[in-house]
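Colleague: I am new to this structure and should be grateful for a guided reading of it.

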Amino acid sequence: MTAHYDALETRSEDERAASLAQCLPSLVAMAKALPGYGETLAGAEPEAVTDRPALAGLPVLRKSGLSKAQASDAPFGGFTTRAAHEFDHVFQSPGPIYEPGRTSTDWWRLGRFLHACGIGRGDIVQNCFGYHLTPAGMIFENGARAVGAAVLPAGTGQTELQARAAADIGTTAYAGTPDYLKVILDKADETGLDLSRLTRAAVSGGALFPSLRQEYADRGIACRQCYATADLGNIAYESEAMEGMIVDEGVIVEIVRPGTGDPVAEGEVGEVVVTSLNPDYPLIRFATGDLSAVLAGVSPCGRTNMRIKGWMGRADQTTKIKGMFVRPEQVADLVARHPEVTKARVIATREGEMDAMRVQLETEATDPAAFAASVAEVLKLKGEVDLVAPGSLPNDGKVIDDQRSYD
């Protein structure tokens, strides 16, 4: 097995709890002093935020809020502890959303993931993430430098030149989206180029389907993936154990019910909310909009941090029914109004040429009519109400299920 990146990866539960108790108060205090958080953290008492339950009591920061703040306080919305000119890079992602970057060692923490892929000194990484405006290229280059690997800054496109370069310089590792590696390999096959020295792939930014991973394995390429974002850097990554994704040591991950900031039970699918311990950019309870679930137990590779099951869809399930938007926050409000309801699911269908809405409620109650008024008031629409047994709704993170066909 690959030696661990550092001692942080094998800490005990007590050691992690002690570390949180030490760093969380100062992190929250730092964030509270930033203009971006404004009134959001005005009532927070940093010295009391020493563990996960206390952290869960703070508000969730959504990308829409970050975007709005950046529009009035460019470029970072008042969420960074440094001025824009004090960073090494300023990036623009679609939206637009602006992100900072630094060239200091492993600033985005991708080195931990690349090390888990077996990439390090002696390797040449063909980095096929984009370098223009968006940060992915620099994020992976920063990680490669952290583990001592050389980088071919290939970017995207020009596949024939990419295949030629990989053969000529002896590329040993690929970094990029899961599917683009196949494009390069197929081009090499077509032109008779030898890429046999390429034996590892570190991928992100798209779905890694099992069939594609197996195709790479059949070629002698071990392909592993990480879950990272431009705002947060590395969030979780695969190790040689290939059992879920291990949460990075520089973030705190919570899984919450979509539309709320309330943590769900272990194993239940919900939205990924991340707190970054980066002192340059301390994002507190940043909602990613992605769905995942905690994977119980500890990885066989010896890394002891929490694991998640990987990307399981999008949490923003806002759907228009009968001309009205229904949002996850409204579904959460419906549940909150009825203590006897543990979970709800709105289903959008078509009856003839008309939209129809059905609301399923997990409860021991037996009279659907008792909930009709709340459904109409909260969702602003009338619909059929079905009462189902607690625990019977699917564990897929969906609170709004659009079953209409758009073909």
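Modeller: The following exchange considers helix packing and the nonpolar core.
This is a predicted model, in which local features need pLDDT of at least 70, side-chain atom pairs count only at pLDDT 80 or more, and totals for chains, interfaces and linings use all residues. Residues are numbered from 1 along each chain as its sequence is written, and side-chain values use heavy atoms, with hydrogens and water left out.

Colleague: How is helix 6 oriented to helix 7?

Modeller: The axes (lines fitted to C-alpha atoms over the stretch in contact, with angles from 0 to 180 degrees between N-to-C directions) of helix 6 (residues 159–169) and helix 7 (residues 180–191) cross at roughly 75 degrees and come within 9 Å. Angles of 65 to 115 degrees count as roughly perpendicular, under 35 as roughly parallel, over 145 as roughly antiparallel and the rest as oblique. Helix 6 is therefore, relative to helix 7, roughly perpendicular.

Colleague: Which term describes helix 7 and helix 8 relative to each other?

Modeller: Helix 8 spans residues 210–218, and its axis lies 11 Å from that of helix 7 at an angle of about 40 degrees. The two helices, helix 7 and helix 8, are therefore oblique.

Colleague: Which element gives the largest share of the largest nonpolar core?

Modeller: A nonpolar core is a set of buried (under 20% relative accessible area, 1.4 Å probe, protein chains only) Ala, Val, Leu, Ile, Met, Phe, Trp, Tyr and Cys residues joined through side-chain atoms within 4.5 Å. The largest one has 37 residues, of which Tyr37, Leu58, Val253 and Ile308 touch the most other members. Elements giving two or more residues include helix 3 (63–72) and strand 11 (251–256). The largest share, 5 residues, comes from helix 1.

Definitions and conventions
Helices (H or I, at least four residues) and strands (E, at least two) are DSSP runs, numbered from the N terminus. Buried means under 20% relative accessible area, exposed over 50%, partly exposed in between (1.4 Å probe, protein chains only).
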